[in-house]
Amino acid sequence: MNGKWMKLAAAALVLVVGTAVPALAFEPAGVTCIAPANPGGGWDFTCRSGAQLLYDLKMVSRPIQVINMPGAGGGVAYAHVVTEKKGDNNLLVAASRSTTTRLAQGQYKGFTENDVRWLAANGADYGVISVRTDAPWKNLKELMAAWKTDPSKIAVGGGSAVGGQDHMKVMILAKAAGIDPKAVKYVPFDGGGEVMTALLGGFVQVFPGDISEVKAQLDGGQIRVLAVMGDERLPDELNSIPTAIEEGYKAKWVVWRGFYMPAGTSDEAYNYWIDVLKKATASPEWAKMRKQNGIAPFYRSGADFKAFVDEQVEEIRGLTKELGL
């Protein structure tokens, strides 16, 4: 082989090796997803649906382990990830607007939104106002009328701490109805699963959760959803539920659902997870799973997702101040 052809062969080899390296740079192994609440809520759904989807689509070779880590409205898990899991390329953590709400309010003491790497959001979940099927209120107007008469007589259970996402939903609704938000009788639980148990057991009367958290009980005829906290009604079989705005209350709360991972992880791993989450989110399997659980399409990832998180944290800081929390 003359000198010219040797140079071309060497260049081709470099090109082949250079192309192959990124695909081999990170291979997931022993992957874990932390749901920062007890089983049954939105974060639990995010982890379990994501774990099932990635395994079914053969994007991971072994099932992803899901660990529930409740406490402090996600703060226990956040502190665990920041202080003990730095650089863990095989750890995903479920997140949502509840996470950014707590960060905006300084509830994850000593930590900020810059202490983790934000991966992607793969769907939007709408806030809903739910009561038991045998509750005396047939629609939102009836509930708000009773609530306005004496806010202390109606216990509202939420899957977040005081000042967290579910609490803010009901405070926004109270304010829209002319009720002093601070008069709301709010009972915090560790996740939507616990609240649903309390609602069905009669320990609380109202659950301002998200549609994915209540869909199974709605389908089973155990609860009634009085209103959706969005601009428009939800599609398909959920289309009969009015929005709070239609009922006369300007109260909206839309929740993104997604994942973050620890700081200090490699760029190869970070980009790998963004790539597989993008492909999984675009799959027919996720479209079917999303529809079954009332989740709307929504996708942000990487730098775009981080900018979205930063913007939302600032927005919630302003809203928190306005509500006097």
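This is a guided tour of a predicted model, stop by stop, with a suggestion of what to select at each one.

**The disulfide**

Begin by selecting C33 and C47, which form a disulfide with their sulfur atoms 2.0 Å apart; the count for this model comes to one disulfide. C33 lies in strand β1, residues 32-35, and C47 in helix α2, residues 42-56, so the pair ties together parts that are 14 residues apart in sequence. If you look along the S-S bond of C33 and C47, the torsion about that bond is about -80°, so the disulfide is left-handed. Are these two cysteines buried or exposed? C33 is buried, with a relative accessible area of 2%, and C47 is also buried, at 0%.

**The cavities**

Keep helix α2 in view and turn to the enclosed spaces, of which there are six with a volume of 30 Å³ or more. The largest cavity has a volume of about 140 Å³, and to find it you can select W43, S98, G159, Q165 and E213, which are the closest to its centre among the 15 residues that line it. Helix α2 and helix α6, residues 165-176, each supply at least two residues of this lining. By class, the lining of the largest cavity has two nonpolar, nine polar and four charged residues.

Next, select S49, G50, L53, L54, N122, L277, A280, T281 and W286, the residues that line the second largest cavity, whose volume is about 50 Å³. Which helix gives the largest share of the lining of this second largest cavity? That helix is α2, with four residues, while α9, residues 267-281, also supplies at least two. The lining of the second largest cavity divides into five nonpolar and four polar residues, with no charged ones.

**The pockets**

Move on to the open spaces by selecting R97, K252, W253, E315 and L319, which are the closest to the centre of the largest pocket among the 19 residues that line it. About 420 Å³ of space lies in this pocket. Helix α6, strand β9 (254-262) and helix α11 (302-323) each supply at least two residues of its lining, and the largest share, seven residues, comes from α11. The lining of the largest pocket divides into 11 nonpolar residues, one polar residue and seven charged residues.

K252 and W253 also belong to the lining of the second largest pocket, so keep them selected and add Y126, G230, D231, E232, R233, L234, P235, V254 and A296 to see the lining in full. The second largest pocket has a volume of about 190 Å³, and by class its lining has six nonpolar residues, one polar residue and four charged residues.

**Two single residues**

Now select S130, which lies in strand β5, residues 128-132. S130 is buried, with a relative accessible area of 0%. To see its surroundings, show L199, Q205, V206, F207, V214, I223, R224 and V225, which S130 touches when residues up to four places away in sequence are not counted.

For the last stop, select A287, whose place is in helix α10, residues 284-292. How does A287 count in terms of relative accessibility? At 31% it counts as partly exposed, because the range for that class lies between the buried limit of under 20% and the exposed limit of over 50%. To finish, add I245 to the selection: A287 and I245 are 42 residues apart in sequence and 27 Å apart in space, C-alpha to C-alpha.

Definitions and conventions. Residues are numbered from 1 along each chain as its sequence is written. This is a predicted model: local features need pLDDT of at least 70, side-chain atom pairs count only at pLDDT 80 or more; totals for chains, interfaces and linings use all residues. Side-chain values use heavy atoms; hydrogens and water are left out. Buried means under 20% relative accessible area, exposed over 50%, partly exposed in between (1.4 Å probe, protein chains only). Contact means heavy atoms within 4.5 Å. A disulfide is a pair of cysteine sulfur atoms within 2.5 Å. On a 1 Å grid over the protein atoms alone, a cavity is a set of points where a 1.4 Å probe fits but cannot get out, and a pocket is an open set with protein on both sides within 12 Å along at least five of seven lines; lining residues have an atom within 4 Å of a point. Grid points are joined across faces, edges and corners, and a volume is the space filled by probe spheres set on the points. Ala, Val, Leu, Ile, Met, Phe, Trp, Tyr, Cys and Pro count as nonpolar, Asp, Glu, Lys and Arg as charged, and the others, Gly among them, as polar.
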